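Me: I am new to this structure and would like a close look at a single part of it. Please take one residue, describe its surroundings with care, and then work outward from there.

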Amino acid sequence: ALTKEGAAYVEAWARAYPEAGAEMLIVGDGRALFTGVDSPVTQAIGLGREHEVADRDLDAVEAFFAERGAITRVNLSPYAHPSLAEGLGGRGYRVEEFENAMVRTLGGSGVLEPPASHPELAVRPLLPEEVDHWALVVARGFESLPPERAPTEIGLMLARLTPQIADVVSYVALIDGNPVGAGSLSIHDGIATMFGDATLPEWRGRGAQTALLWARLRAGIE
């Protein structure tokens with residue numbers, strides 16, 4: 001799922017921001033993605049999913065990023081072939097962060113009951129004319145910025161792009177009609193993936209993310 005979504009982001013980035021030089025390199029059973037030096041999408045994903053990772057594969061990944069002035073970052077799955085971790089360790093790579101995914105089976109009636117929420121809170125799919133404002137909510141929420149501080153441009157670019165990705169539906173949480181939270185959902189290969197969650201700091205603690213989670217889980221069941 002991550003490999004497909006990563007490739008979709010590169011394709012969408014190339015269409016929306018051609019000046020960024022977005023490209024993708026297929027390396028064995030993985031992909032090296034580039035959407036800009038500072039972009040969080042710029043990384044290698046899916047290496048070692050099914051096959052051994054050879055030195056020449058890592059050479060190709062490093063050369064791809066070096067030619068574009070980017071640091072080589074590798075998304076390392078704990079289920080990847082052991083040769084990947086061994087090869088990265090031999091080259092002096094270190095763990096930068098851990099990312100965990102929570103998984104559950106969806107299905108059946110009554111699996112999920114709507115949470116109690118504030119009467120002024122509403123969640124619905126994003127409208128096309130709301131993308132720019134929604135992107136500001138996502139970017140500022142991700143960076144936990146106060147209203148007087150603007151988010152990074154790369155954060156805004158990534159947020160604006162998300163609703164344009166194939167198989168993605170983005171949602172907005174509103175309190176008294178004001179957009180305060182956001183989240184997205186992609187469904188393919190029988191998997192509903194929730195990502196891109198963010199709430200404006202000054203509106204946290206009012207149930208926006210709980211409502212967004214429930215709405216997307218319900219969409220996944222349906």
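Reply: A good place to begin is S184, which, leaving aside residues up to four places away in sequence, touches W134, T162, V168, V169, S170, T193, M194, F195 and R216. The model is a predicted one, and what follows should be read with that in mind. S184 is found in strand β6, and because its relative accessibility is 1%, it counts as buried. Among the residues it touches is S170, and here the two side chains make a polar contact with each other, at 2.8 Å. S184 can also be placed relative to G196: the two residues are 12 apart along the chain, and their C-alpha atoms are separated by 5.6 Å.

The strand that holds S184 belongs to an open sheet of 4 strands, arranged in the order β4-β5-β6-β7, with antiparallel pairing. At the edges of this sheet stand β4 (121-125) and β7, each of which pairs on one side only, and from one strand to the next the twist averages 20°. Strands of a sheet pair through backbone hydrogen bonds, in either a parallel or an antiparallel arrangement. In the case of strand β5 (residues 168-175) and β6, which run antiparallel, 8 bridges join the two. V169, which is one of the residues touched by S184, stands opposite L185 in β6.

Following the chain onward from β6 (178-188), one comes to the loop between that strand and β7 (191-199), and D189 lies in this loop. Although D189 is not a glycine, it has a positive phi of about 55°, and because its relative accessibility is 57%, it counts as exposed. S144 also has a positive phi, of about 50°, without being a glycine; its place is in the loop between α4 (131-142) and α5 (153-161). With a relative accessibility of 43%, S144 counts as partly exposed.

Another sheet can be described in a similar way. This one is an open sheet of 3 strands in the order β1-β2-β3, and its pairing is antiparallel. Its edges are formed by β1 (23-27) and β3 (43-45), each of which has a single partner strand, so one side of each is left without a neighbour in the sheet. Neighbouring strands here are turned against each other by 20° on average, with direction ignored. The antiparallel pairing of β1 with strand β2 (residues 30-34) extends over 5 bridges, and V27 stands opposite G30 in β2. Lying across β1, β2 and β3 is helix α2 (residues 55-66), which runs at about 170° to β1.

Between β1 and β2 there is a loop, and this is the place of D29. D29 is buried and yet has no salt bridge, the nearest side chain of opposite charge being that of R49, 5.0 Å away; a salt bridge would require a side-chain nitrogen of Lys or Arg within 4 Å of a carboxyl oxygen of Asp or Glu. The side chain of D29 does, however, reach the backbone nitrogen of G48 at 3.1 Å, and a polar atom of that same D29 side chain lies 3.0 Å from the backbone nitrogen of H51. Both G48 and H51 appear among the residues that D29 touches, which, not counting residues up to four places away in sequence, are G46, L47, G48, R49, E50 and H51.

Terms used
Residues numbered from 1 in each chain as written. Predicted model: local features only at pLDDT ≥ 70, side-chain atom pairs only at ≥ 80, totals over all residues. Heavy atoms only, no water. Buried < 20%, exposed > 50% of the residue type's maximum accessible area, 1.4 Å probe, protein only. Pairing = 2+ DSSP bridges. Axes fitted to C-alpha atoms, helices over the stretch in contact; angles between N-to-C directions. Contact = heavy atoms within 4.5 Å. Lys, Arg positive; Asp, Glu negative; His and termini not counted. Polar contact = N/O pair within 3.5 Å; in protein donor to acceptor, adjacent residues only side chain to side chain.
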